[in-house]
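Hello,

Here is the structure I promised to pass on to you. My notes on what turned up in it follow below.

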Amino acid sequence: MAEKTDLIALWRTIQEAGGIEAYIESQLRKKGLYVRRQDTDNMSASELENYKTALRLESAERKKIASECWRAYKANHVVFLGENVFWSDEPFNGPYETINPEERAAENGLPTLDNPNQLAEFLGLSISELRGFAFHTDLAKFVHYARFTIPKRDGTERPIWAPMPRLKEVQRKILTEIVERLPVHGAAHGFITGRSIVTNAQVHRNSRLILKMDIKDFFPTVTWRRVKGVFNRAGYREQVATLLALLVTESPREIIEHNGQKYYVALGPRCLPQGAPTSPSITNALCLRMDHRLSGLAQKAGYRYTRYADDLTFSLPLENKGKPHLGRLIGLVKSIVAEEGFQIHPEKTRVHRIGGSQRVTGLVVNGDKGPRVGRELKRRLRAALHNRQNNKPRPENAETDAQLRGYGAYIFMTEPELGAKILQQLAESDKKE
């Protein structure tokens with residue numbers, strides 16, 4: 001820490017001297033090593049030798065001072081951010097720079113971040129730490145993420161790249177102080193305070209039919225340049241927007257080993273990692289225009305529309321007796337989604353009519369009752385409680401205690417009275433064991 005402070009102070013001194021060359025010359029003069037250049041044609045042999053010796057001493061000292069200047073410069077400037085990332089330490093405007101960005105940032109209630117040094121201070125980082133977190137390379141020996149997988153409903157594995165604690169802390173700061181202050185559409189219900197799977201499902205009660213569509217490869221489609229556009233539009237200039245975008249993205253990678261060394265090989269451009277706290281909220285801000293367009297389309301067609309992350313839901317109210325025009329709606333949705341830089345998953349478009357079970361974000365919405373958990377989960381939970389209360393052995397694939405409590409809390413979210421009863425029964429059975 002003391003060394004970093006010294007380098008920051010040194011750079012301030014260099015600036016006060018008039019720049020690196022002026023500082024080097026002042027230091028050489030101070031040490032009595034500065035050599036005034038002379039014509040050597042009329043020098044004697046001894047004078048020439050002395051002159052050359054003085055030049056060698058000056059050159060050696062100049063290299064030492066220049067090296068310290070470079071270290072001071074790097075401690076105060078980003079310098080380089082890796083492969084395929086344009087960077088200049090001089091302020092510059094990008095091609096999509098927002099007009100009057102400071103006014104836009106103020107409208108959004110965002111912190112003033114005019115340059116990399118202000119961003120580093122805001123995040124509690126040194127410039128070198130900021131550069132390290134944002135730096136990109138296609139072949140890395142170390143990344144700031146830990147990889148694990150979780151099972152998907154179709155039986156395949158979903159890779160999760162979770163940020164290491166220090167980067168996660170930085171991303172949470174970006175999330176709470178910047179991303180969560182950006183405008184989102186009222187149709188978005190995922191990862192927004194006061195909204196949930198329940199509020200998402202609530203919109204679609206009492207429906208003649210429900211159309212559900214999924215966006216394919218949602219997070220991987222949001223590349224770091226698209227994220228930079230979000231921060232540009234929010235009110236940040238090119239340098240800060242570039243750094244913020246790199247801090248919240250990472251390339252999908254394959255882990256390989258060669259000669260005992262582990263390598264992380266990039267499989268594509270940096271994008272939103274599934275596992276970073278910032279990723280879901282960034283997509284909400286990014287999808288503002290898409291949500292506005294899809295909501296307008298739904299209203300014109302007599303439908304209701306919501307989005308929960310990558311799940312798009314359209315429902316035709318029961319009282320709407322007109323033609324559903326379902327094929328036309330699906331075609332227009334695909335077109336709008338494509339124009340907004342995404343793609344509808346071709347195998348995950350589903351239609352649920354009034355005669356069957358209608359579910360939205362996992363909750364049953366048939367009729368005018370509120371969203372609720374399906375009967376099968378309630379039956380499984382009651383059976384598990386019955387077995388516990390009667391001291392029956394658990395099957396090998398039975399839910400854990402934590403899973404049972406999670407199911408109870410899940411039911412409590414939609415049916416508080418029933419959920420509270422189940423949680424109480426689970427607590428009582430815990431005491432018996």
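**Around helix 10**

Helix 4 (101–107), helix 7 (165–177), helix 11 (238–247) and helix 12 (279–286) are among the elements that cover the buried residues of helix 10. Please keep in mind that this is a predicted model. Helix 10 itself spans residues 224–234 and is mostly covered, with 8 of its 11 residues buried. The buried ones are W224, V227, K228, G229, V230, F231, N232 and A234, so you will find a lysine and an asparagine in that list as well. Just after the helix, G235 takes a positive phi of about 130 degrees.

**The chain as a whole**

Stepping back, the chain has 17 helices and 11 strands. Its radius of gyration is 30 Å, well over the 22 Å that the globule rule gives for 433 residues, so the chain is more spread out than a compact globule. Along the principal axes, the C-alpha atoms fill a box of roughly 110 × 60 × 40 Å. Buried residues make up 42% of the 433. If you look at contacts between residues at least 6 apart in sequence, 68% of them join residues at least 24 apart.

On the surface side, the accessible area comes to about 23,700 Å², and 51% of that belongs to carbon and sulfur atoms. As for charge, there are 66 positive and 51 negative side chains, and the centres of the two sets lie 9 Å apart.

**Aromatic pairs**

I also went through the aromatic rings, and the structure holds 8 aromatic pairs. One of them is W11 with Y73, an edge-to-face pair at 5.3 Å centre to centre with 85 degrees between the planes. This pair links distant parts of the chain, since W11 sits in helix 1 (residues 2–17) and Y73 in helix 3 (residues 45–76), 62 residues apart. W11 counts as buried at 11% relative accessibility, and Y73 is buried too, with a relative accessible area of 19%; the cut-off for buried is under 20%. W11 and Y73 also form one aromatic cluster together with W70.

Another pair to look at is F218 with F342: the ring centres are 5.4 Å apart and the planes are at 40 degrees, so the pair is tilted. F218 lies in helix 9 (residues 218–221) and F342 in the loop between helix 14 (326–339) and strand 9 (350–353), so the pair ties together parts that are 124 residues apart in sequence. Both rings belong to buried residues, F218 at 5% relative accessibility and F342 at 6%.

Enjoy looking through it!

Best wishes

How values were computed: Residues are numbered from 1 along each chain as its sequence is written. This is a predicted model: local features need pLDDT of at least 70, side-chain atom pairs count only at pLDDT 80 or more; totals for chains, interfaces and linings use all residues. Side-chain values use heavy atoms; hydrogens and water are left out. Helices (H or I, at least four residues) and strands (E, at least two) are DSSP runs, numbered from the N terminus. The radius of gyration is taken over C-alpha atoms; the globule rule is 2.2 Å times the number of residues to the power 0.38. Buried means under 20% relative accessible area, exposed over 50%, partly exposed in between (1.4 Å probe, protein chains only). Contact means heavy atoms within 4.5 Å. Accessible areas come from the Shrake-Rupley method with a 1.4 Å probe; for residues, only the protein chains shown count as cover. Lys and Arg count as positive and Asp and Glu as negative; His and the chain ends are not counted. The place of a charge is taken as NZ of Lys, CZ of Arg, CG of Asp or CD of Glu. Rings of Phe, Tyr and Trp (its six-membered ring) pair if their centres lie within 6.5 Å; planes under 30 degrees apart count as stacked, over 60 as edge-to-face and the rest as tilted.
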